[in-house]
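Work through the exercises below with the sequence and the model open. Try each task before reading its solution.

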Number of protein chains: 2
Amino acid sequence: MSIYFKHMAIIGVGLIGGSLSRVCKEKNLTGKITGFGRNESNLKKGVELGVIDSYSLDLKDAVRDADIVLLATPVRAMVDIVKMMIPHLKGGTIVTDVGSVKGYLVDKIEELLPKDISFVGGHPIAGTERSGVESSFLTLFKDSNCILTPTEKTNGEALKKIEELWHTAGAKVILMDAKDHDRILAAISHLPHLVAYALVNTIGDIDEDDNLLSLAGGGFKDFTRIASSDPVMWRDICLLNKDNLLEIISQFQGSIERLKRYIKKEKGTKLEDEFNKANRIRNSNNLMC
Amino acid sequence: MSIYFKHMAIIGVGLIGGSLSRVCKEKNLTGKITGFGRNESNLKKGVELGVIDSYSLDLKDAVRDADIVLLATPVRAMVDIVKMMIPHLKGGTIVTDVGSVKGYLVDKIEELLPKDISFVGGHPIAGTERSGVESSFLTLFKDSNCILTPTEKTNGEALKKIEELWHTAGAKVILMDAKDHDRILAAISHLPHLVAYALVNTIGDIDEDDNLLSLAGGGFKDFTRIASSDPVMWRDICLLNKDNLLEIISQFQGSIERLKRYIKKEKGTKLEDEFNKANRIRNSNNLMC
């Protein structure tokens, strides 16, 4: 299937929005791409870098005549943006997003949009710890997974087009229920980010003078790289995936408490069992890299 | 200062012992290198790969006539090995180690060794999640930090030689009190490993059927790579650095609990503050990579 959008509006031209924009331009999927955002210097940079064709600080101008609108802002901003842009969308437009939380968003946006506007919820599992348009690059989605979360209301044609968009970006598309997505991502993405933030802060608290972190080995650097991720984006994710996250945090706390107990009581075999288990889980999930 | 050891014995020819052996041979720091270990096939592989010159399964044969003995086994085995080899060491031999815990080890080994045998405690902060001699490589220590923990009993000449050994391997040498070492490493290395193990096990527990981990992004893979590290080595580290580790685990638990509370009460600004703090700490410690 070949796709073409005469006019694409990208709301939030950062790492993800910018990288998908680069794909669309490189592969000639779009006639023109307009960026919208609150930070004019970021948008100017996007035009300078050739990531977008033009930009507007006025949402209605950015989305006017768009065949496709890509929502790529922090997730909590998306619903308000949809509310504001609805009166300015033409019939037949496809709205899609890249938010890391899906249940709340898909429900709200489907509720808001009129029948002749299609919505397809999406979440490309790709990224780096960097943000802003200058961190975007063409191959960000290559060999990554992109989850789409259609519902019974989703227009089949629109879904096919968004699938093709992500295929063209190099991603493997996985269709999933939005609620399953949120439960799974709480475990494999949201919890690890939270843990990395907590770990860096723990060490920061005891390290006011010593600059201990400069002694850290490569493992620690890899481990905490995600603690450099965008604070607003992660605040929004935590709040919108609250229930799943609270549940998985509790389970993680149980796991830490268990290790602590084994150390306290010097249960060497139990510790070794726990570490062996982690070895097995990690190695059996094709995570060696 | 140029150094030369006619005979080096390496007790434990794995990632660290094997990599330092490669350095010694490449730079002609040694006449011959004998490996000792419990796993004969690993030692045979070491000879085949040219990492060591020969091996023995008998400790007294391995250390006989050695000018330098490098202890590179899991830390809890080291004291017993020292006890067993003492009768077979010649006067003037230098014993050094690469253990990740220093306080207990330095105390015990200094107590055991006769006056004419020098001991220098060491800990190269380098490694990968792999183990065994086939994972060793020449440049493992390049641009890494190596902590040495001399005491008032340490022979100055022996210390200089071990410093030079690590310089030749490409490491920056840092002299530090053994107790400071253990407190600092509990924070920047031992806690992160423990957290990675706990995180992988948490996700493993909820993922018996779904193979969720295969969906994980690069951040998670980086984050949990250290959970593939050697279970026996990490069991020993946890047990020998128990007190420091229990203290830092408690602080980490406080940090996780605080984030959990902010999510529960939907304190967006507090969450953002915590995430911004982690951003600042990480970026101010030259950890960008």
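Helices (H or I, at least four residues) and strands (E, at least two) are DSSP runs, numbered from the N terminus. The model is predicted: local features need pLDDT of at least 70, side-chain atom pairs count only at pLDDT 80 or more, and totals for chains, interfaces and linings use all residues. Residues are numbered from 1 along each chain as its sequence is written, while chains are lettered from A and ligands numbered from 1 in the order in which they are written.

**Exercise 1. Place two loop residues and classify their exposure.**

Task: find where Asp65(B) and Asn28(B) lie, and state the phi of each.

Solution.
- Step 1. Asp65(B) sits in the loop between H3 and strand E4 (68-71) of chain B. Asn28(B) is in the loop between helix H1 (15-26) and E2 of chain B.
- Step 2. Most residues other than glycine have a negative phi. Asp65(B) has a positive phi, near 65°. Asn28(B), also not a glycine, has a positive phi of about 55°.
- Step 3. Apply the burial rule: a residue is buried if 20 or more other C-beta atoms lie within 10 Å of its own, exposed if 12 or fewer, and partly exposed in between, with C-beta atoms placed from the backbone. Asp65(B) has 14 C-beta neighbours inside 10 Å, so it counts as partly exposed. Asn28(B) has 9 other C-beta atoms within 10 Å, so it is exposed.
- Step 4. Add Asp61(B), in helix H3 (residues 59-63) of chain B. Its 15 C-beta neighbours inside 10 Å make Asp61(B) partly exposed.

**Exercise 2. Trace the parallel sheet of chain A.**

Task: give the strand order and name the edge strands.

Solution.
- Step 1. Strands pair if DSSP finds at least two bridges between them. The open sheet has 6 strands in the order E3-E2-E1-E4-E5-E6 (chain A), and the pairing is parallel.
- Step 2. Strand E3 (54-56) and strand E6 (118-120) of chain A are the edge strands, each pairing on one side only.
- Step 3. Neighbouring strands are turned by 25° against each other on average, direction ignored. Here axes are lines fitted to C-alpha atoms, for helices over the stretch in contact, and angles run from 0 to 180 degrees between N-to-C directions.
- Step 4. Check one pair. Strand E2 (residues 30-36) of chain A and E3(A) run parallel, joined by 3 bridges. Phe36(A) stands opposite Ser56(A) in E3(A).
- Step 5. Look at chain B. There 6 bridges join E1(B) to strand E2 (residues 30-36), again in parallel. Met8(B) has Ile33(B) as its bridge partner in E2(B). Strand E1 (residues 5-11) of chain B is mostly covered, with 6 of its 7 residues buried.

**Exercise 3. Is Val95(A) buried or exposed?**

Solution.
- Step 1. Locate Val95(A) in strand E5 (residues 94-97) of chain A.
- Step 2. Val95(A) has 28 other C-beta atoms within 10 Å, so it is buried.
- Step 3. List contacts, meaning C-beta atoms, placed from the backbone, within 7 Å. Beyond four places in sequence, the partners of Val95(A) include Val69(A), Leu71(A) and Phe119(A).
- Step 4. Follow Val69(A). Its contacts beyond four places in sequence include Ala9(A), Ile11(A) and Met85(A).
- Step 5. A nonpolar core is a set of buried Ala, Val, Leu, Ile, Met, Phe, Trp, Tyr and Cys residues joined through C-beta atoms within 7 Å. The largest has 193 residues, and those with the most contacts inside it are Val69(A), Leu70(A) and Val69(B).

**Exercise 4. Analyse the second sheet of chain A.**

Task: which strands stand at the edges of the sheet?

Solution.
- Step 1. This open sheet has 3 strands in the order E7-E8-E9 (chain A), with mixed pairing.
- Step 2. Strand E7 (122-125) and strand E9 (172-175) of chain A are at the edges; each has a single partner strand, so one side of each lacks a neighbour in the sheet.
- Step 3. E7(A) pairs with strand E8 (residues 145-148) of chain A in the antiparallel sense over 4 bridges. Ile125(A) has Asn145(A) as its bridge partner in E8(A).
- Step 4. Helix H6 (residues 156-168) of chain A packs on the sheet and touches E7, E8 and E9 of chain A. The direction of H6 makes about 170° with that of E8(A).

**Exercise 5. How many residues of chain A are in contact with chain B?**

Solution.
- Step 1. Contacts link 76 residues of chain A with 76 residues of chain B.
- Step 2. H7(A) gives the largest share of the side of chain A that touches chain B, 18 residues.
- Step 3. By class, that side has 42 nonpolar, 21 polar and 13 charged residues. Ala, Val, Leu, Ile, Met, Phe, Trp, Tyr, Cys and Pro count as nonpolar, Asp, Glu, Lys and Arg as charged, and the others, Gly among them, as polar.

Conventions. Two residues are in contact if their C-beta atoms, placed from the backbone, lie within 7 Å.
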